[in-house]
Amino acid sequence: MKKLIIKASFLLIAITAVVGCKKDLEEKFNNPEKVLDPSLTGLFTGMLNNDRVAAKYWNVRTFLTQMPGVYAQTSYIANGNTIYQQSDGYSQQYWDDFYSTGGNGSGVMAQYRTMETKYKTLSADDQASQKVIMQAAKVVLIEQAAKMVDLWGDIPYSAAGSLNVDNTIKNPKYDEQKALYTSFIADLNDLGKYFNTNTTTAAFSKSDILLKGNMNMWARYANSLRLRLLMRISKTDESTARTAILQMLNDESSFPLVGSGASALYNPGATDILLTPLTNSSSDLRDAFFEGSWYATDYALNSVMLPANDPRIPVIYDKYGRTVKINNKDVFVPNANYRAMPITFTTAEQESNFPDYAVLDSATFLFNQKLPGIIITASEVNFIKAEAFERWGSTTDAKTAYDNALRQSVTFYHYLNNLNQGGGFKNVTAPTDSVVTAWVDASTATYTGSSAAKLTLIYNQKWLHYGVLQSTEAWSEYRRTGFPVLTFPSTGKLSGFDTPPTRLIYPAKEKTLNSENYQAVASKDTRKTKIFWMP
């Protein structure tokens, strides 16, 4: 049985500012203003070393589990009256971390604009040799920019970062969200082809802390990201999405994807797009979760996983329990079964009853110092394939992709669990093939029924696979598909905030400092305005 290390003191930890010492890597590369002559390789490394991608306390605690995780119910927090109200301070920090360096993110936009400026000063020969770095940086920028669009809609993009480019200070205009997605999808098509037909360089390999300069993996990253964005627009621009997605799926030699050809028992560390922690990293997510969001989520565990006897349960959750007196000694007595607190519990009911319900697994999530930042996994790609085949192709092919996605998700979560070696933790043994097969072929997760029922299975399982660490993607997919069919308590909620939003409101500082350009999007700036890809 897993060792769950939960102490009462952790529940009383106050939220503290995370202003630790900068890593050497960040000091050297992550602040262009401090570098007199920045190198492309150094800036690229800094761009990848992003705390909004890595499994870091601040992003999980103040953003993922407080906003998208709540709105998609991939995280569970106190059911207070402001639960659906956006935190302007925390969303401002997320916004700032995209556009500028010096916060808890890497400032991908600022880094990229500085790279563009540096690139223009190079000789033709140097530009040719370092083009690969600029191409990879653009993939990273697009991945993060697409998330910004998914969260806010229209964002400053084409004119953002002017100070880094031409040393002029000007407030950037907002680019229209659909036009941005169109440009992202087109750029990723070109980028995927570039990486699929070119070779790496020593400098690129050394600076690439994400994929070690592997051009095939960069092609898979670009193509899989394009696949994600195409499926994202498929409810409002089905014709474009269908044509492009089927072209990719019918020619994977030209469009290699993450996990293509990977079996159920694949190696996520070699196949998925994961940001591995730096060797000197010693942080984990205990405080991020202990400060309120470490309870098992109701719909995920009670409605989806338990009825199917899901083999991922023991590696995602712990039964938890209570400490009781037995023969005058404190003895921890585990709960008999896995079950999650009802979403309708009040804060008072949560505080008094939480020991009787499951929590996130300590080895996998809470104390795992080797937990990677998750960008794209083989399981996600197979869920996208399954949806595409079910909607526009063969339901037989859809079942093959769906079944593989389920099996790969089991492998993926056990991989995360087994990264955490030592420290008193007993890693969960992977389930036998017969157990997984019974789940895939003979449970409530089995791919069967009408086409609508099959699509519901795909949507629910994809949402479940994303989980708390990919809450932003889970919220986007929930808004796109309408699944899972979740219950959101509204009783006693603050007036105007009795349901989750459909987008984030622009941060207050942005409205003030970029007020002239903000006026062009002010009419869209409501919490119930739809992102363009929402049906």
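Residues in this predicted model are called buried under 20% relative accessible area, exposed over 50%, and partly exposed in between.

Q: Is K509 buried, partly exposed or exposed?
A: K509 forms a side-chain salt bridge with D96, at 3.1 Å from N to O. The two lie 413 residues apart, D96 in helix 6 (residues 88-99) and K509 in helix 25 (residues 508-513). D96, at 19%, is buried. The relative accessibility of K509 is 40%, which falls between the 20% and 50% limits, so K509 is partly exposed.

Q: How many residues apart in sequence are the parts that E291 and R61 tie together?
A: A salt bridge joins the side chains of E291 and R61, with 2.8 Å from N to O. E291 sits in the loop between helix 15 (286-290) and helix 16 (298-308), while R61 belongs to helix 4 (residues 57-64), so the parts tied together are separated in sequence by 230 residues.

Q: Which helix holds R232, the partner of D150?
A: The side chains of D150 and R232 form a salt bridge at 2.9 Å, N to O. D150 is in helix 8, and 82 residues separate the pair in sequence; R232 is in helix 12 (residues 215-232).

Q: Which helix gives the largest share of the largest nonpolar core?
A: This core has 169 residues, and F184 is among the members that touch the most others. Its largest share, 15 residues, comes from helix 8 (residues 124-152).

Q: How many salt bridges does a search of the whole structure find?
A: The pair E291 and R61 is one salt bridge, and D96 with K509 is another. Over the whole structure, the number found is 28.

Conventions
Residues numbered from 1 in each chain as written. Predicted model: local features only at pLDDT ≥ 70, side-chain atom pairs only at ≥ 80, totals over all residues. Heavy atoms only, no water. Core = buried A, V, L, I, M, F, W, Y, C linked by side-chain atoms within 4.5 Å. Buried < 20%, exposed > 50% of the residue type's maximum accessible area, 1.4 Å probe, protein only. Helix = DSSP H or I, 4+ residues; strand = E, 2+ residues; numbered from the N terminus. Salt bridge = Lys/Arg side-chain N within 4 Å of Asp/Glu carboxyl O.
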